Amino acid sequence: MENLKITVFQGYLFWENIDKNLQNITLRLSGGIREKTDLIILPEMFTTGFTMNAAVLAEPMNGKTMQWMEKTAQQYDCVITGSIIIEEGGKYYNRLIWMRPDGTYEHYDKRHLFALGKEHNTYTAGTKKLFVELNGWKICPVICYDLRFPVWLRNIEENAYDLLIVVANWPERRAAHWRTLIPARAVENQSYIIAVNRVGHDGNEVYHSGDSTCIDPNGKVIYYKRDEEDLYTFSIVADEIEKIRTALPFLKDADDFEINI
């Protein structure tokens, strides 16, 4: 594993406006990335905001946002990730895309749909976790509400991941939960966690305070930003993973279990 350089974008999202969001993100990246980065992380539904208007806004897997992600990953020679609304096989998905600079990609469909917001009435839940590798790091990316379900995120199978990524549209009214659950997931799984949220009001007048953060495996805050749009690049250190797992080998004592879907 090498140290990993991460760029996070805690963005204001223009409600249900794909073109304007892509233009804004393009502008922010061009003005804010001043050094080589390995990974750019965008929020959940970064082209639309957290909307149930999938019938109008969903894109195919060869749509404009996928083309934009491929072009942007190539331009910055890095992976870019975030979730978008996808239509496939007559169903809608809140789908995270892991786009590499060579144009190849993986995807993860949000497993836990936010029933309080009626997300389950519009979107189809995923059934599989995604594990990807970048510069020797094993990475597990998930989406927003998944953060509340530690069984789904449990770091089993011989340390399945070193970095957990959460992309979100998490409202300020439950920000205390967000700030509590993120470090808990880092400590219990002995991994880094990077959680990237949006800021501002959405089309339903729900305010999002951001609170995007990076926590190391020991619970130390590496990055934190509230209320403001922010593009920031920082590094996470490979040695910290080995140090904490060697000094405190808690994961080997974890309970065995199976997830039935």
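In the predicted model, the residues of helix α1 that are buried comprise I18, N21, L22, N24, I25 and L29. These buried residues cover an arc of only 165 degrees around the axis, which means that they lie on the same side of α1. The opposite face, turned away from the buried side, carries the exposed residues Q23 and L27. Such an arrangement can be read against the geometry of the α-helix in general, in which there are 3.6 residues a turn, so that residues three or four places apart point the same way. The partners of the buried side are drawn from several elements, since the buried residues of α1 pack against β1 (4-10), β2, α2 (54-57), α3 and β13. The length of the helix was also examined: α1 runs over residues 18-32, and at 1.5 Å a residue its 15 residues should span 21 Å, which agrees with the 21 Å that separates its end C-alpha atoms.

Several of these partners belong to a sheet. This sheet is open and consists of 6 strands in the order β5-β4-β3-β2-β1-β13, with mixed pairing. Strands β5 (105-109) and β13 (230-236) form its edges, each of them pairing on one side only. On average, and with direction ignored, neighbouring strands of the sheet are turned by 30 degrees against each other. Within the sheet, strand β2 (residues 39-41) pairs with strand β3 (residues 79-88) in the parallel sense, over 3 bridges, and L39 has V79 in β3 as its bridge partner. Helix α3 (residues 64-76) packs on the sheet, where it touches β2, β3, β4 (91-99) and β5, and the direction of α3 makes about 170 degrees with that of β3.

Charged side chains were considered next, and a search of the whole structure finds 17 salt bridges. Two of the salt bridges involve R95, which is buried because its relative accessible area of 1% falls under the 20% limit. In one, the side chain of R95 meets that of E88, at 3.1 Å from N to O; E88 is partly exposed, with a relative accessibility of 37%. In the other, R95 is joined to D109, with the closest N and O atoms 2.6 Å apart. This pair links distant parts of the chain, given that R95 lies in strand β4 and D109 in strand β5, 14 residues apart. D109, at 11% relative accessibility, likewise counts as buried, so that the R95 to D109 salt bridge is formed between two buried residues.

A further salt bridge is found within helix α5, where the side chains of E188 and R185 meet at 2.4 Å, N to O. Both residues lie in α5 (residues 175-189) and are 3 residues apart, about one turn of the helix. E188 is partly exposed, with a relative accessible area of 28%, whereas R185 counts as buried at 6% relative accessibility. In addition, E172, R179, D211, R226 and D227 are joined into one network by salt bridges that share partners.

Definitions and conventions: Residues are numbered from 1 along each chain as its sequence is written. This is a predicted model: local features need pLDDT of at least 70, side-chain atom pairs count only at pLDDT 80 or more; totals for chains, interfaces and linings use all residues. Side-chain values use heavy atoms; hydrogens and water are left out. Two strands pair if DSSP finds at least two bridges between them. Helices (H or I, at least four residues) and strands (E, at least two) are DSSP runs, numbered from the N terminus. Axes are lines fitted to C-alpha atoms, for helices over the stretch in contact, and angles run from 0 to 180 degrees between N-to-C directions. Contact means heavy atoms within 4.5 Å. A salt bridge is a side-chain nitrogen of Lys or Arg within 4 Å of a carboxyl oxygen of Asp or Glu. Buried means under 20% relative accessible area, exposed over 50%, partly exposed in between (1.4 Å probe, protein chains only). The expected span of a helix is 1.5 Å times one less than its number of residues. The arc is that of the directions from the helix axis to the C-beta atoms.
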